Amino acid sequence: MRFAVLTGGGDCPGLNPAIRAVVRRAAKFGHETLGFLDGWKGVRDDLSRPLALVDVEEILNKGGTILGSSRTNPFSKEPEAAKVMEHLRAHGIDALVAIGGDDTLSAARELHRRGGKVVGVPKTMDNDVSGTDWTFGFHSATAVAVDALERLRDTAESHHRAIVLEVMGRHAGWVALATGLAGGADATLLPEERYDEDSLLQHVRSAVAARGYALVVASEGIDLGARKGTAGGKDDFGHELLREREVGAELARRIQAATGIETRSAQIGHIQRGGPPELFDRILATRLGAGAVDLALKGRFGEVAVLRGPVIEGIPFDAAVGAPKTVTPDWLDLMHTFDA
Ligand code: F6P
């Protein structure tokens, strides 16, 4: 068989181990692999490179993706969709492994609907793909955010300030949740909950009263009511790019204005997405990459390899894409236990 692999959407630690696993698992059974460059753009525009074993030898511990990535939706226009089918045929691809989040996997589902032989691997630092316990990238990225919060704690304490840390997470607040829990935030704001300024101010005031400083974690996707809009533009899938809204800076302004407590903010943005994958992400990416090849070898096209409890399973695209996996009430309840 001739395999192909692509990585689409926002990059995250673990993509390279997943690519390596696809190539190594396919090679184990005597199959070769082609890498499409820059996600679906590479399939549409016929940009590719062969992936030999030597090409993936040194990438297990490297962040980013050696194949490049983009947020291209190749099925938004019919002439482009036709090119995708044409290029897959021209390369004699028997099985395509699409590694990505909701958008990339939605495009894979569309390819499958059109008769393409494709399987999926979920990834995203946002941890918001349905049907899988975890996505790789999340642990590594959130460890960066926790490290940032710990550094902010030192300086907040020295200057008796409140500091707001803005983390990524457009539709789901998993990164903010885990950062707040693991880093000991006094208040954590997620897109899953309605913004409540009175309770935020109360948490900040009581933290400052108790020990002289306060730490707030905010997900970039929270809705502050004002300043809505598309200042950051939209991607190819029609999603608003939220970073430019700077909710962390806006929150800091509001806290300082309402309480008189000197307040600062930090937005760590793409720093969260770089760096080497942590242990958990390396192993998960390796298992999912190999698992996707196994699905293809069994002819189970149209499925995504996912982690469920201790095992890797295949589930239909429909069970993985369309509705993001958001933070559940039990997690919110636990999180608020630690509010100041
Ligand atoms: O991939 C998800 C994500 O990390 C979001 O949390 C964030 O809003 C977005 O990517 C940023 O994307 P870009 O790289 O296009 O700025």
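**Walking through the helices and strands**

Hi everyone, let's begin where two helices touch: Phe138, Thr142, Ala145, Val146, Leu149 and Arg153 of H5 are in contact with Trp174, Val175, Ala178, Thr179, Ala182 and Gly183 of H6. Sorted by class, the residues of this contact are eight nonpolar, three polar and one charged. Before I go on, please keep in mind that this is a predicted model.

So how do these two helices sit against each other? Helix H5 covers residues 138-159 and helix H6 covers residues 174-183, and they pack at an angle of about 50° with their axes 9 Å apart. That angle makes H5 oblique to H6. The crossing in which H5 passes H6 is right-handed.

Let's stay in H5 for a moment and pick out one residue, Ala148, which is placed in that helix. Is Ala148 buried or exposed? Its relative accessibility is 13%, so Ala148 counts as buried; the cut-off for buried is under 20%. Which residues does Ala148 touch, once we leave aside its neighbours within four places in sequence? The answer is Leu165 and Ile268. There is also a distance you can find for yourselves on the screen: the C-alpha atoms of Ala148 and Thr179 are separated by 9.3 Å, although these residues are 31 residues apart along the chain.

Now follow H6 to another partner. Helix H11 is made of residues 329-337, and the axes of H6 and H11 come within 10 Å, crossing at roughly 35°. Here H6 passes H11 in a left-handed crossing, whereas H5 passes H6 in a right-handed one. On the H6 side you will find Trp174, Leu177 and Leu181, and they meet Trp331, Leu334 and Met335 of H11. By class, that contact has six nonpolar residues, no polar and no charged. You may recognise Trp174, which also appeared on the H6 side of the contact with H5.

Next, a sheet. In what order do its four strands come? The order is E7-E8-E6-E9, in an open sheet with parallel pairing. Strand E7 (187-189) and strand E9 (263-267) are the edge strands, as each of them pairs on one side only. Ignoring direction, neighbouring strands in this sheet are turned by 20° against each other on average.

Let's zoom in on one pair in that sheet. E7 pairs with strand E8, residues 214-219, in the parallel sense, over three bridges. If you want a place to look, Leu189 stands opposite Ala218 in E8. Lying across E7, E8 and strand E6 (162-167) is helix H7, residues 197-211, which runs at about 150° to E8.

H7 has a helix partner too. How do H7 and helix H8, residues 247-259, meet? Their axes come within 11 Å and cross at roughly 70°. The two helices are therefore roughly perpendicular to each other. From H7 the contact takes in Glu197, Leu200, Leu201, Val204 and Arg205, and from H8 it takes in Leu251, Arg254, Ile255, Ala258 and Thr259. Divided by class, this gives six nonpolar, one polar and three charged residues.

Let's move to strand E5, residues 118-122. How many of its five residues are buried? Five of the five are, and the strand is mostly covered. Here is a handy rule: in a regular strand, side chains alternate between the two faces of the sheet. In E5, Val118, Gly120 and Pro122 are on one side, Val119 and Val121 are on the other, and both faces are covered. E5 runs parallel to strand E4, residues 95-100, and five bridges join them. One place to see that pairing is Val97, whose bridge partner in E5 is Val119.

Beyond E5 there is a loop leading to H5, and Ser130 is placed in it. With 17% relative accessibility, Ser130 counts as buried. Leaving aside its neighbours within four places in sequence, Ser130 is in contact with Ile315, Ala319, Ala320, Ala323, Pro324 and Lys325.

Last stop: strand E1, residues 2-7. Why can we call E1 largely enclosed by the rest of the structure? Because five of its six residues are buried. E1 pairs with strand E2, residues 32-36, in the parallel sense over four bridges, and the bridge partner of Phe3 in E2 is Thr33.

Thanks for listening, and I'm happy to take questions!

Conventions: Residues numbered from 1 in each chain as written. Predicted model: local features only at pLDDT ≥ 70, side-chain atom pairs only at ≥ 80, totals over all residues. Heavy atoms only, no water. Axes fitted to C-alpha atoms, helices over the stretch in contact; angles between N-to-C directions. Parallel < 35°, antiparallel > 145°, perpendicular 65-115°, else oblique. Left-handed = near helix turned anticlockwise from the far one by under 90°. Contact = heavy atoms within 4.5 Å. Nonpolar A, V, L, I, M, F, W, Y, C, P; charged D, E, K, R; others polar. Buried < 20%, exposed > 50% of the residue type's maximum accessible area, 1.4 Å probe, protein only. Pairing = 2+ DSSP bridges.
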